Structure formats: structure tokens, C-alpha cells
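Let's take a walk through a protein together, from its overall build down to a few single residues. Keep the picture open while you read.

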Amino acid sequence: MDLVLREPTAGDAPAVGQILFTAFKAIAEQHGFPPDFPSAAVATGLLGGLLEHPGFYGVVAELDGRVVGSNFLDERSQITGLGPITVDPAVQNKSIGRRLMDHALARVREHHRPGVRLLQATYHNRSLCLYTKLGFDTRALLSNIQGPRLNLTVPGYDVRQATTDDVDACNALCVQVHGHDRHGELVDAVS
Ligand SMILES: CC(C)(COP(=O)(O)OP(=O)(O)OC[C@H]1O[C@@H](n2cnc3c(N)ncnc32)[C@H](O)[C@@H]1OP(=O)(O)O)[C@@H](O)C(=O)NCCC(=O)NCCS
């Protein structure tokens with residue numbers, strides 16, 4: 001298998017976006033869940049943003065000259081975020097995912113990052129096995145709750161839109177609760 005890992009270019013977004021959409025859709029539908037992305041165009045749009053953002057690092061896998069997968073690192077804050085990682089369903093379970101993970105984790109080590117985190121869909125046993133073998137520990141369950149907001153108010157606890165003036169206070173709270181900074185993500189989220 002002639003697999004090459006290389007740096008992505010802006011021109012890779014449509015091919016990588018199509019795989020991102022198809023791979024997540026396939027595993028979600030196998031388990032009776034709705035797809036993570038509504039269309040390949042939305043997945044491609046997300047990837048376009050990651051490819052042009054200086055805070056993200058990407059890697060693309062090419063098999064015999066054809067793009068078959070990708071992986072990304074979010075390096076905006078102290079703790080590196082890993083993902084999305086996707087491999088074309090037609091060539092999954094051939095160790096391409098592991099190669100993309102090894103490449104990303106080597107960079108995390110080279111840059112002496114204090115930690116790396118990722119999220120995975122609990123129903124995807126293969127990705128959980130892969131990450132566990134690579135040394136990830138399961139830390140917490142997240143619930144993805146969808147639907148219209150309830151618009152409830154709790155007296156004394158106002159909820160308002162965040163502004164850039166809130167970033168430092170929000171970051172200090174993150175350090176207090178989780179023990180690490182996330183300034184880069186907060187700045188992007190607010191702006
Ligand atoms: C997750 C994903 C990137 C893995 O890519 P891949 O190329 O299929 O993965 P690999 O072949 O390198 O590794 C598969 C690993 O799955 C595990 N695995 C495979 N078949 C398995 C099975 N039947 N039972 C349990 N574990 C299994 C093994 O740990 C294997 O690692 P090994 O090669 O050391 O044995 C790919 O499945 C994907 O794109 N999935 C859809 C999107 C997604 O869920 N992304 C991750 C979001 S966090």
C-alpha cells in the first residue's frame with residue numbers, strides 16, 4: 001500500500017470535505033443516528049476554515065495519489081485538540097487512521113504540549129479501541145442535546161451574549177476549573 005502523508009493545501013478542501021461527510025454519515029447511520037454534517041458542502045466549509053486558520057495543523061493521507069483521509073490538530077490553546085480525523089469508508093480498517101494518529105501525536109510530542117484531548121462518538125467502538133491503544137484515557141461523557149432553546153430565565157443568573165471583554169474572565173475561570181488555559185479558542189468563539 002503506497003500511503004503518503006502530506007501537508008494539506010486549500011485545494012484539498014472538497015476531497016477531504018467529501019470524506020469527512022461520508023465517513024461520519026456512514027458510522028452514524030450504522031447506529032441509527034443522524035449524520036454529524038447535513039451535507040458535504042457544510043463539511044467542506046468547516047475544513048476550509050481549518051485549512052486557512054494559523055492555529056490549526058492538518059495532515060492529509062494519499063493512497064496511490066488519491067486523497068483518502070485527513071487529521072487535524074487545534075493548537076490555539078495550551079491543550080492540543082485532535083480531530084476531526086476521517087478515513088474514506090472504502091479503505092477503513094487498513095491502518096490509515098492509525099498512521100494519521102501517529103503523525104499527529106508525534107507533533108504533539110515534538111512541540112512538548114502538556115496534553116492532547118479528543119471527542120469521539122461513543123457508538124464508534126473501533127475509534128475508541130484505536131485511541132485507547134494509542135494511550136488516550138476516557139475522562140468524561142458528553143451529552144449532545146439538540147432542539148429549540150427553552151428561553152427560561154433564572155432570577156439572579158443572567159445569561160447574555162459574550163463579548164471580547166469577557167475573554168480574560170472566561171479564561172481565568174477555565175484555568176480555575178480545568179487547570180489550563182483556552183484563550184485562543186475563547187477569542188475565536190467570541191469573535
Ligand atoms: C476512526 C477512523 C478515522 C479510523 O480509521 P481506520 O483507517 O479505519 O483505522 P485503522 O485501520 O488505522 O485502525 C482501526 C483500529 O480499529 C480497531 N478495530 C478495527 N476493527 C475492530 C473490531 N472489529 N473491533 C474492535 N476494534 C476494531 C483496532 O484498534 C484498529 O487498530 P489496529 O490496526 O491497531 O488493530 C475511521 O473509522 C473513520 O473515519 N470513522 C468515521 C469518522 C469518525 O468516527 N472519526 C473519529 C471521530 S473521533
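Before we start, one word needs pinning down: the domain bounds used here come from an automatic or database domain assignment. With that settled, the protein splits into domain 1, residues 3-133, and domain 2, residues 154-191. Keep in mind that you're looking at a predicted model.

How far apart are the centres of the two domains? Taken over C-alpha atoms, 27 Å lie between the centre of domain 1 and that of domain 2. The two domains do meet: five residues of domain 1 are in contact with seven residues of domain 2. On the domain 1 side of that meeting place, you'll find one nonpolar residue, three polar ones and one charged one.

Now zoom out to the whole chain. There are six helices and six strands, and if you start at the N terminus they come in the order β-α-α-β-β-β-β-α-β-α-α-α. The radius of gyration is 18 Å, close to the 16 Å that the globule rule gives for 191 residues, so the protein is as compact as a globular protein of that length. Along its principal axes, the C-alpha trace spans about 60 × 40 × 35 Å. As for what's tucked away, 21% of the 191 residues count as buried. And if you take the contacts between residues at least 6 apart in sequence, 57% of them join residues at least 24 apart.

Next, follow the strands. E1 (residues 3-6) pairs with E2 (residues 56-63) in the antiparallel sense, over four bridges. Within that pairing, Val-4 has Glu-62 of E2 as its bridge partner. E2 also pairs with E3 (residues 66-74), again antiparallel, this time over eight bridges. Here Leu-63 sits opposite Arg-66 in E3. The hairpin of E2 and E3 has two residues between the strands, and Asp-64 takes a positive phi near 50° in it.

Finally, let's visit the ligand. Which residues come nearest to it? Of the 24 residues around the ligand, these are Gln-92, Gly-97, Arg-98, Gln-120 and Cys-129. Several elements help build this shell: helix H1 (13-30), strand E5 (86-87), helix H3 (96-110) and helix H4 (125-133) each supply at least two residues. H4 gives the largest share, with six residues. Sorted by character, the shell holds ten nonpolar, ten polar and four charged residues.

Technical notes: Residues are numbered from 1 along each chain as its sequence is written. This is a predicted model: local features need pLDDT of at least 70, side-chain atom pairs count only at pLDDT 80 or more; totals for chains, interfaces and linings use all residues. The radius of gyration is taken over C-alpha atoms; the globule rule is 2.2 Å times the number of residues to the power 0.38. A residue is buried if 20 or more other C-beta atoms lie within 10 Å of its own, exposed if 12 or fewer, and partly exposed in between; C-beta atoms are placed from the backbone. Two strands pair if DSSP finds at least two bridges between them. A residue is near a molecule or strand if its C-beta atom, placed from the backbone, lies within 6 Å of it. Ala, Val, Leu, Ile, Met, Phe, Trp, Tyr, Cys and Pro count as nonpolar, Asp, Glu, Lys and Arg as charged, and the others, Gly among them, as polar.
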